[in-house]
Amino acid sequence: MIPVMKPWLGEEEAAAAADAVRSGWVAQGPRVAEFERRFAERMEVSGAVAVSSCTTALHLALHLLGVGPGDEVVVPSFSFIATANCAVYVGATPVFADVEAEDGNVSVRTVEPVITGRTRAVVVVHQGGAPADVEPLRRLCEARGIALVEDAACAAGSLHRGAPVGSGAVLAAWSFHPRKLLTTGEGGMLTTTDPTLAERARRLREHGMNLSAAARHQSRQPVIESYLEVGFNFRMTDIQAAVGLVQLEKLDTMVRRRRELARDYQEMLAGIPGLRTVRDPDHGSSNFQSFWVELGPDFPLARNELLTVLADGGVSARAGIMAAHRQPAYAGHPHGDLSTTERLTDTTLILPLFHAMTEQEQHTVVDAVRRAAGLRVAS
Ligand SMILES: *Cc1c(COP(=O)(O)O)cnc(C)c1O
C-alpha cells in the first residue's frame with residue numbers, strides 16, 4: 001500500500017534519541033530548551049514553549065487569555081476536532097464558522113457573521129498547511145478586542161506574505177504528530193510574540209512552578225519551589241526534543257520536496273473533468289501538509305467510491321478534513337450555515353504525499369485516479 005503520509009526519520013534521529021537516553025536526563029531539560037530556541041528562531045517569534053501536543057498548546061493558549069465559562073470561541077468546524085475541543089476544555093462555547101472553498105480556511109466573510117458580544121477569541125487554522133489570510137482577521141479582531149489564536153498544527157514551513165506562518169501571531173499552536181511535517185512522535189509548541197505570555201506559559205505547562213525542574217536540579221544549593229497558580233503537566237521530554245532538533249534542520253528540505261510533489265500532482269491531475277486540486281492562495285505558499293482534491297458533479301464516482309477504488313489499487317488515500325459539528329461529540333450543538341464545510345468534507349480526499357515518495361509511486365496514484373475517472377493511462 002502507498003501510505004498517505006510517512007514521517008521522514010533516519011539514523012540521525014535515532015542517534016539523537018539514544019544520546020538523550022544515555023545522558024541520564026530524559027524529562028524536560030536542556031534539549032527541550034535548545035529545541036525551543038531553535039524553533040523560535042526558525043519561526044521568527046520571540047518565544048516558543050514546548051508542550052506535549054498541539055492540543056495542549058491550544059488549551060494553554062485559551063487558558064492564558066483567560067477565556068472561560070460564558071465566553072464564545074469562534075473556530076472552524078472544518079478542522080481536526082481538537083480545534084473545537086480546546087474551547088470546551090476552558091469551559092467556553094465553540095461557535096462554528098464556515099470556511100472558504102478555495103483553501104478550506106476561515107475568513108472575515110465567514111467569521112464576522114458569527115461574532116457576538118460574548119466572543120472572546122477566534123481560532124484560525126492554516127488547514128492542511130495552506131496559510132489563512134490572517135491580516136484582515138487580525139484587523140477584525142483587534143477592532144473588537146477579540147484575541148486571535150493561530151492553529152498552525154499543519155503549517156510549519158508555510159509562508160504568509162513572505163514571512164513564516166505564525167511569525168506575527170500573539171499565540172500560535174504547533175503539532176509534531178507524525179501526520180505533520182516535523183515529528184517528535186507526539187509533541188507540540190506554543191509560540192508567542194509576547195514575552196509575558198511566554199513566561200507564564202512556561203510556568204503553566206509545568207504545574208505553575210516558579211522554577212523548572214531542570215533549573216532546580218542544576219542548582220548547587222537546595223531550592224524550594226513554589227506553585228504560583230494551578231498549572232498543568234504539558235511537558236515535552238528531552239528524548240522528543242532531541243528528535244525535534246534533527247527534524248527542524250530538515251524542515252526546508254521537507255517543504256521543498258513536498259512542494260515539488262504537489263506541483264507534479266497539479267500538472268498530472270490537470271484536465272480530469274470534475275476534479276480540482278488544492279493550490280497556493282494569492283497571499284502565501286503552502287507546505288502541502290495535506291494535498292487534497294475536490295470531486296465535483298462531473299466526476300463519475302462519489303468520494304467514498306473513489307477511496308475504495310484507490311484502496312483496491314494499493315493507494316491509501318483519506319477522506320478529506322472532518323467537520324466537527326457532524327461528530328457525536330457535538331450532536332445538538334447549535335450552528336449557523338456551514339454549507340461549504342459540509343460540501344468540502346463530503347467531496348474532498350487527501351492523496352498520498354510524503355518526503356520519500358518515488359516518481360513511480362506518484363504515477364501509481366495518478367494512474368489510479370485517471371482510471372477511476374474513465375480516462376486512459378500510459379501504462
Ligand atoms: C493535528 C492537528 C491538531 C492536533 O495536534 P496534536 O499534536 O495531535 O494534538 C490540532 N489542530 C489541527 C488543525 C491539526 O491538524
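Lys250 counts as buried, because its relative accessibility is 12%. Buried here means under 20% relative accessible area, exposed means over 50%, and partly exposed lies in between (1.4 Å probe, protein chains only). Lys250 sits in the loop between helix H9 (238-249) and helix H10 (251-269). Leaving aside residues up to four places away in sequence, Lys250 touches Trp8, Leu9, Gly10, Glu12 and Glu13. A contact means heavy atoms within 4.5 Å.

The model is predicted: local features need pLDDT of at least 70, side-chain atom pairs count only at pLDDT 80 or more, and totals for chains, interfaces and linings use all residues. Residues are numbered from 1 along each chain as its sequence is written, and side-chain values use heavy atoms, with hydrogens and water left out.

## Overall build

The protein has 13 helices and 14 strands. Its radius of gyration is 21 Å, close to the 21 Å that the globule rule gives for 379 residues, so the protein is as compact as a globular protein of that length. That radius is taken over C-alpha atoms, and the rule is 2.2 Å times the number of residues to the power 0.38. Helices (H or I, at least four residues) and strands (E, at least two) are DSSP runs, numbered from the N terminus.

Along the principal axes, the C-alpha atoms fill a box of roughly 75 × 55 × 40 Å. Of the 379 residues, 55% count as buried. Take the contacts between residues at least 6 apart in sequence: 72% of them join residues at least 24 apart.

The protein exposes about 16,000 Å², and carbon and sulfur atoms supply 52% of that area. Accessible areas come from the Shrake-Rupley method with a 1.4 Å probe; for residues, only the protein chains shown count as cover. The mean positions of the 37 positive and 44 negative charges are 2 Å apart. Lys and Arg count as positive and Asp and Glu as negative, while His and the chain ends are not counted. Each charge is placed at NZ of Lys, CZ of Arg, CG of Asp or CD of Glu.

## Helix H4

Helix H4 (residues 82-89) is mostly covered, with six of its eight residues buried. These are Ala82, Thr83, Ala84, Asn85, Cys86 and Ala87. The buried residues of H4 pack against helix H3 (54-64) and four strands: S2 (72-76), S3 (93-97), S4 (119-125) and S5 (147-151). Gly91 follows H4 and has a positive phi, near 90°.

## Strand S8 and its partners

Strand S8 (residues 171-175) is mostly covered: five of its five residues are buried. Leu171, Ala173 and Ser175 point one way, Ala172 and Trp174 the other. In a regular strand the side chains alternate between the two faces of the sheet.

Two strands pair if DSSP finds at least two bridges between them. S8 pairs with S5 in the parallel sense over three bridges. In S8, Ala172 is the bridge partner of Glu150. With strand S9 (residues 188-192), S8 pairs in the antiparallel sense over five bridges. Leu171 stands opposite Thr192 in S9.

## The four-strand sheet

An open sheet has the order S10-S12-S14-S13, with antiparallel pairing. Its edge strands are S10 (275-277) and S13 (318-319), each pairing on one side only.

Inside this sheet, S12 is mostly covered, with five of its five residues buried. Phe291, Val293 and Leu295 lie on one side of S12, and Trp292 and Glu294 on the other. Three bridges join S10 to S12. Four bridges join S12 (residues 291-295) to S14 (residues 348-351). Val293 stands opposite Thr277 on the S10 side and opposite Leu349 in S14. Glu294 stands opposite Thr348 in S14.

## Positive phi outside glycine

Two loop residues other than glycine have positive phi values. Their backbone angles and places are as follows.

| Residue | Phi | Loop between |
|---|---|---|
| His207 | near 65° | helix H7 (195-204) and helix H8 (213-218) |
| Phe288 | near 50° | strand S11 (284-285) and S12 |

Which of the accessibility classes does His207 fall into? His207 counts as partly exposed, because its relative accessibility is 33%. Phe288 counts as buried, because its value is 4%.
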